[in-house]
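User: Please take a close look at a single part of this model, the sheet, and describe it together with what packs against it. A connected account with the cut-offs spelled out would suit me best.

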Amino acid sequence: MKQITAIIKPFKLDEVREALAEVGVNGLTVTEVKGFGRQKGHTELYRGAEYVVDFLPKVKVELVIDDALTEQAVDAIIKAARTGKIGDGKIFVRDVEQVIRIRTGETGPEAV
């Protein structure tokens with residue numbers, strides 16, 4: 001099993017969720033986060049004063065899936081989240097050793 005963590009622009013969340021549903025992903029976790037990479041924030045004008053916004057709003061999408069779906073899920077995220085501009089985000093893929101469903105005690109792929 002793999003855990004996929006994607007950091008994306010907030011307005012792309014619905015498109016990413018729909019694209020993942022199309023490839024068979026039936027559960028995910030979404031967290032509102034702030035951060036920056038090469039984009040390094042930006043400046044904004046508020047009531048005539050200019051100020052720097054270092055941390056930009058992003059959305060973190062996390063899911064655990066079977067190894068067989070990993071490539072399809074990553075491709076779906078890339079296609080749905082890409083705008084072609086700086087700050088589109090990152091995807092991290094990690095191995096998951098074990099999953100346990102608390103309610104039933106199921107383990108492994110059945111628990112996902």
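Analyst: **The sheet and what covers it**

E1 and E5 are joined by seven bridges and run antiparallel to each other, where strands count as paired if DSSP finds at least two bridges between them. The model is a predicted one, in which local features need pLDDT of at least 70 and side-chain atom pairs count only at pLDDT 80 or more, while totals for chains, interfaces and linings use all residues. Residues are numbered from 1 along each chain as its sequence is written, and side-chain values use heavy atoms, with hydrogens and water left out. Helices (H or I, at least four residues) and strands (E, at least two) are DSSP runs, numbered from the N terminus.

Within the pairing of E1 with E5, Ile 4 faces Leu 63 of E5. On its other side E5 meets strand E2, which covers residues 29-35, and this pairing too is antiparallel over seven bridges; here Val 33 has Lys 58 of E5 as its bridge partner. In general, strands of a sheet pair through backbone hydrogen bonds, in either the parallel or the antiparallel sense.

Taken together, four strands make up an open antiparallel sheet in the order E2-E5-E1-E6. The edges are held by E2 and strand E6 (89-95), each of which has a single partner strand, so one side of each is left without a neighbour in the sheet. On average, neighbouring strands in this sheet are turned by 20° against each other, direction ignored; the axes are lines fitted to C-alpha atoms, for helices over the stretch in contact, and angles run from 0 to 180 degrees between N-to-C directions.

Helix H1 packs on this sheet, where it touches E1, E2 and E5 and makes an angle of about 10° with the direction of E5; contact here means heavy atoms within 4.5 Å. Helix H2 lies across E1, E5 and E6, and runs at about 5° to E1. A further bridge of E1 to E5 links Ile 7 with Lys 60.

In H1, which spans residues 13-22, the buried residues are Val 16, Ala 19 and Leu 20; buried means under 20% relative accessible area, exposed over 50% and partly exposed in between, with a 1.4 Å probe and protein chains only. Viewed down the axis of H1, these buried residues fall within an arc of 100°, so they line one face of the helix, the arc being that of the directions from the helix axis to the C-beta atoms. As a general rule, an α-helix has 3.6 residues a turn, so residues three or four places apart point the same way. The cover over the buried residues of H1 includes strand E1 (2-8), strand E5 (56-65) and helix H2 (70-81).

The loops at either end of H1 complete this region. Lys 12, in the loop between E1 and H1, is buried with a relative accessible area of 10%, and beyond its neighbours within four places in sequence it is in contact with Ala 80, Ala 81, Arg 82 and Thr 83. Just after H1, Gly 24 has a positive phi of about 105°. Leu 28 sits in the loop between H1 and E2 and is partly exposed, at a relative accessible area of 31%. If residues up to four places away in sequence are not counted, Leu 28 touches Leu 20, Val 61, Glu 62 and Leu 63; its C-alpha atom also lies 9.5 Å from that of Ile 65, which is 37 residues away in sequence.

For contrast, Lys 79 belongs to helix H2 but is exposed, with a relative accessible area of 68%.

As for the chain around this part, its secondary structure comes to two helices and six strands, which run β-α-β-β-β-β-α-β from the N terminus on. Of the contacts with a separation of 6 or more, 73% are between residues 24 or more positions apart. The C-alpha atoms fill a box of roughly 60 × 25 × 20 Å along the principal axes, and buried residues make up 29% of the 112 residues.
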